[in-house]
Amino acid sequence: MKRRDFIKSAGAGSLLAGGLVTGTSVAVAKPKYQWKMVTTWPKNFPGLGTGANNLAALINELSGGRIEVKVYGAGELVPALEVFDAVSRGTAQMGHGAAYYWKGKSEAAQFFSAVPFGLTAQEMNGWLYYGGGMELWEEVYAPFNLVPAAAGNTGVQMGGWFNKEINSLADLKGLKMRIPGLGGEVLKRAGGTPVNLPGGELYTSLQSGNIDATEWVGPYNDLAFGLYKIAKYYYYPGWHEPGTTLEAMINKEAFEELPKDLQSIVRNACKVVNQDMLAEYTARNNQALKTLVEEHNVDLRRYPDDVLKKLRNLSDDVVAEVAEQDKMSRKVYESFKKFRDQAMEWHRISEQTYMAAREM
């Protein structure tokens, strides 16, 4: 049978070898991918939830609709703190959260979100993209069938909401506080009780007395949650989260099914939203803080210097001990510490000196 007779018998516009027949050529039909993204954040929550939405929309746009990502807020498809497992086993192709939630999976994961007295947002990006951090993150997540990517940053966070003054380290003893990751371990060392709760449970937990204090993010998000209604004192700085990186995690099998151009689109979309979220928090935090103080009469307090010094000492001990948990944690810690030391040396004569001069 001649080729034209075969085409005629198959019907005009039929598929041939996965392509659409057009005249004498074959236009290959590009497959489309339907992805689910589960998140640890409340649906459409400002900054965090909308950051996940922005990532999904950007992937959809840059791929020309070849990847359609549907976002699910915490609890819609899976509970907030089950996102890691859901993406690992393929229930969803993608997740959005923060790596310190998964210390039960790997102690080393915490280094890729926030380390007390660790790296700022600018320094975190430097370590991840040019200091070997991203390669280590991929190594940590590989056993879980996951591909990680930085996908947002809040910048320096606030120290937390309390209903009593913090005048000494003794005021932290017996305190039941929502504080995740390594910061929670430091609080425990100071005599407090850390509690790991998703954002959607903070207000009711603090209101009911299930926790005595909480940290969340910063003025922009804390105002949206209405935390000023149930706590009097708002402390700074966020010693426990100096530049919190948020993550996108991708099911490895789903990622490897994508052609190279779509893999590149997913990776680069994550980079775009990583920078965009930091810009948004930088733009919105101060106005939100003014609203909290001037309109809602929040009592803004700075942690006393001696409390910060003692927390710093405890943090150094906790982080060093985590590094001894396993070989992977030691490997990540050594890379992290080396980069932090280098960044501190440079910023001592660049960022810090400039900031001091600007205040003169």
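The protein chain holds 13 helices and 14 strands, and what you're looking at is a predicted model. Its C-alpha atoms fill a box of roughly 90 × 40 × 40 Å along the principal axes. Of the 360 residues in the chain, 52% are buried. Take the contacts between residues at least 6 apart in sequence, and 75% of them join residues at least 24 apart.

**Two helices**

Here are H10 and H12, with their spans end to end.

| Helix | Residues | C-alpha span, first to last | Expected at 1.5 Å a residue |
|---|---|---|---|
| H10 | 36 residues (260-295) | 51 Å | 52 Å |
| H12 | 23 residues | 34 Å | 33 Å |

For H10, the distance between the end C-alpha atoms agrees with what its residue count should give. That said, H10 does bend, by about 35 degrees at Arg-284. Past the helix comes Asn-297, with a positive phi near 55 degrees.

H12 has a cap at its N-terminal end: a side-chain oxygen of Asp-326 sits 3.1 Å from the backbone nitrogen of Met-328. Met-328 is itself one of the buried residues of H12, and others include Val-332, Tyr-333, Phe-336, Phe-339 and Arg-340. Further along, Ala-343 and His-347 are buried too. What covers these buried residues? H4, H5, H11 (305-323) and H13 are among the elements that do so.

**The largest pocket**

The largest pocket comes out at about 1400 Å³. It is lined by 32 residues, and the closest to its centre are Thr-120, Gly-155, Val-156, Pro-237 and Pro-242. Helices H4 (121-130), H10, H12 (327-349) and H13 (351-358) are the elements that each give two or more residues to the lining. Which of them gives the most? That's H10, with six residues.

**A buried asparagine in a loop**

Asn-145 belongs to the loop between helix H5 (133-141) and strand S7 (146-153). Is Asn-145 buried or exposed? Its relative accessible area is 18%, and buried means under 20%, so Asn-145 counts as buried. A polar atom of the Asn-145 side chain lies 3.2 Å from the backbone oxygen of Ser-88. Setting aside neighbours within four places in sequence, Asn-145 is in contact with Ser-88 and also with Ile-250, Asn-251, Lys-252 and Glu-253.

Note on methods:
Residues are numbered from 1 along each chain as its sequence is written. This is a predicted model: local features need pLDDT of at least 70, side-chain atom pairs count only at pLDDT 80 or more; totals for chains, interfaces and linings use all residues. Side-chain values use heavy atoms; hydrogens and water are left out. Helices (H or I, at least four residues) and strands (E, at least two) are DSSP runs, numbered from the N terminus. The expected span of a helix is 1.5 Å times one less than its number of residues. The bend at a residue is the angle between axes fitted to the seven residues ending there and the seven starting there. Buried means under 20% relative accessible area, exposed over 50%, partly exposed in between (1.4 Å probe, protein chains only). A polar contact is a pair of N or O atoms within 3.5 Å; within protein, one must be able to donate a hydrogen and the other to accept it, and residues adjacent in sequence count only if both atoms are side-chain atoms. Contact means heavy atoms within 4.5 Å. On a 1 Å grid over the protein atoms alone, a cavity is a set of points where a 1.4 Å probe fits but cannot get out, and a pocket is an open set with protein on both sides within 12 Å along at least five of seven lines; lining residues have an atom within 4 Å of a point. Grid points are joined across faces, edges and corners, and a volume is the space filled by probe spheres set on the points.
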